[in-house]
Amino acid sequence: MDIRTFRIDDISEMRALWNEVVLAGNAFPQTDPLRDDAEALSFFRRQTRTAVAVVPSEAGDRERVVGLYILHPNNIGRCAHIANASYAVLSGERGRGIGRALVEDSIAHLADCGFTGLQFNAVVASNVGALALYEKLGFTRIGSIPGGFQNKDGQLEDMFIFYHAASSPQTTPAFVQDVAAPTFAPDAAPVLICNDLTKRYGAVTALDAVSLSLAPGRIVGLLGPNGSGKTTLIKLAAGLLQPSSGQMLIQGMQPSPATKALVSYLPERPYFPPSMRVQQTLAFFADFYADFDVELAHTMLKDLGIPANTPMAALSKGTKEKVQLILVMARHAALYLLDEPIGGVDPATRDYILKTIIGGYRRNSTLLISTHLVADVEPVLDEVIFLGQGHIFAQGPVEAFKAQTGTSLDEYFRRTFAC
């Protein structure tokens with residue numbers, strides 16, 4: 001058995017394992033299972049650390065997930081240096097020491113993740129195996145809460161609080177960020193930087209002294225009403241516009257022909273000639289971009305049921321948008337710029353497109369998604385930037401933002417930009 005950081009190809013097994021424990025209703029506080037792989041990937045990526053226990057499959061051709069744990073802040077602000085964790089072991093694999101190995105691994109990574117200790121808030125009294133394990137591993141039982149846990153039958157059970165100090169406590173947690181703080185870790189070179197970026201169209205100022213940084217490995221929502229400057233910001237990053245003043249850098253370079261090799265851009269409108277066939281658009285991208293993955297593009301076309309020999313003129317508006325999204329996500333880029341990728345399609349197709357975005361996402365890449373459909377993209381976002389009248393209203397990690405504002409991103413959007 002090995003314990004390692006999870007990978008995207010683990011997600012289906014991780015979701016099934018997580019949901020097994022959630023639906024059992026006797027351990028996790030969650031009541032709702034993860035609905036699909038896109039939601040699962042978004043959930044596990046938001047944790048400070050998500051690790052899986054894996055063993056070789058019976059065929060020996062891949063690894064099989066038999067356990068997992070998540071490690072994340074137990075609270076926010078001045079209490080965010082204390083971690084909380086959740087553990088899950090596949091029901092058919094219990095009793096083999098997997099749970100103990102997961103707990104020991106999480107303790108070993110506390111200090112690396114910037115935590116000074118680990119606190120369990122809801123160890124249910126009936127979970128005698130967990131109680132014995134935590135005490136054997138040196139956790140301190142701090143106290144109990146009578147009737148603190150409601151099982152799936154509606155019965156209240158006592159629960160216990162446990163604590164374990166990290167082996168090498170740190171005084172400054174590396175992961176703690178305020179909503180207004182930069183959205184990248186100090187040791188990660190930003191993919192995109194804006195310094196006092198301003199863009200004017202005659203007398204109209206579309207962006208006014210905007211400053212922000214985007215780290216690698218993040219999905220960022222660029223949200224705001226019409227006319228807020230979202231498309232202008234994306235076109236500046238794509239090198240289609242030049243700033244009036246200030247600076248934009250893509251991996252340390254000003255937008256130029258050189259940065260087009262790093263940036264994959266999805267505009268808000270279709271742009272291929274009506275007579276062009278889908279297959280020709282793939283050949284066009286393969287000719288222009290060395291990082292274009294033709295095999296991946298064909299796979300996505302097949303998944304969406306789009307014949308490669310079809311002329312663009314014969315496709316519906318939504319299908320044209322799917323083709324363009326495939327072209328963009330089939331590149332191995334450092335920065336993906338998606339301008340309204342789900343704006344013109346039905347809800348069912350919208351869900352598939354979000355799955356395609358997540359499925360094509362590469363962990364060292366950054367996705368910047370501009371959209372008005374806030375509620376649809378909220379589950380997949382790591383960071384958020386709210387633009388209004390060319391200014392940044394708010395920005396930061398989604399979970400910290402929601403915790404500090406007490407609302408969802410969609411509710412904040414509606415309240416802040418109500419007409």
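Setting aside neighbours within four places in sequence, A308 touches R277, V278, Q279, H298 and L301. The coordinates here come from a predicted model. A308 sits in the loop that links α7 (294-303) to α8 (317-329). With a relative accessible area of 25%, A308 counts as partly exposed, because the cut-off for a buried residue is under 20%. A handy landmark for what follows is F413: A308 and F413 are separated by 105 residues in sequence, and their C-alpha atoms lie 39 Å apart in space.

F413 belongs to the set of buried residues in α12, along with L409, D410 and Y412. Looking down the axis of α12, these buried residues fall within an arc of 165 degrees, so they line one face of the helix. On the face turned away from that buried side, α12 (409-416) carries R414 and R415, both exposed. As for partners, the buried residues of α12 pack against quite a list of elements: β10 (219-223), α10 (374-377), β15, β16 and α11.

The neighbouring helix α11 spans residues 398-405, and V398, A400 and F401 are buried in it. They cover an arc of only 165 degrees around the axis, which puts them on the same side of α11. Their packing partners are β15 (383-388), β16 (391-397) and α12. So β15 and β16 turn up again here, having already appeared among the elements that the buried residues of α12 pack against. Just past the end of α11 comes G406, whose phi is positive at about 75 degrees.

Zooming out, the protein's secondary structure adds up to twelve helices and 16 strands. For its 419 residues, a compact globule would be expected to have a radius of gyration near 22 Å, and the protein comes in at 23 Å, which agrees. Along the principal axes, the C-alpha atoms fill a box of roughly 65 × 50 × 40 Å. Buried residues account for 50% of the 419 residues.

Contacts reach well along the chain: of those between residues at least 6 apart in sequence, 67% join residues at least 24 apart. On the outside, the protein exposes about 19000 Å², with carbon and sulfur atoms supplying 52% of that area. As for charge, there are 36 positive and 42 negative charges, and their mean positions are 4 Å apart.

Definitions and conventions:
Residues numbered from 1 in each chain as written. Predicted model: local features only at pLDDT ≥ 70, side-chain atom pairs only at ≥ 80, totals over all residues. Heavy atoms only, no water. Helix = DSSP H or I, 4+ residues; strand = E, 2+ residues; numbered from the N terminus. Rg over C-alpha atoms; globule rule 2.2 N^0.38 Å. Buried < 20%, exposed > 50% of the residue type's maximum accessible area, 1.4 Å probe, protein only. Contact = heavy atoms within 4.5 Å. Areas by Shrake-Rupley, 256 points an atom, 1.4 Å probe, with all protein chains shown as cover. Lys, Arg positive; Asp, Glu negative; His and termini not counted. Charge placed at Lys NZ, Arg CZ, Asp CG, Glu CD. Arc of directions from axis to C-beta.
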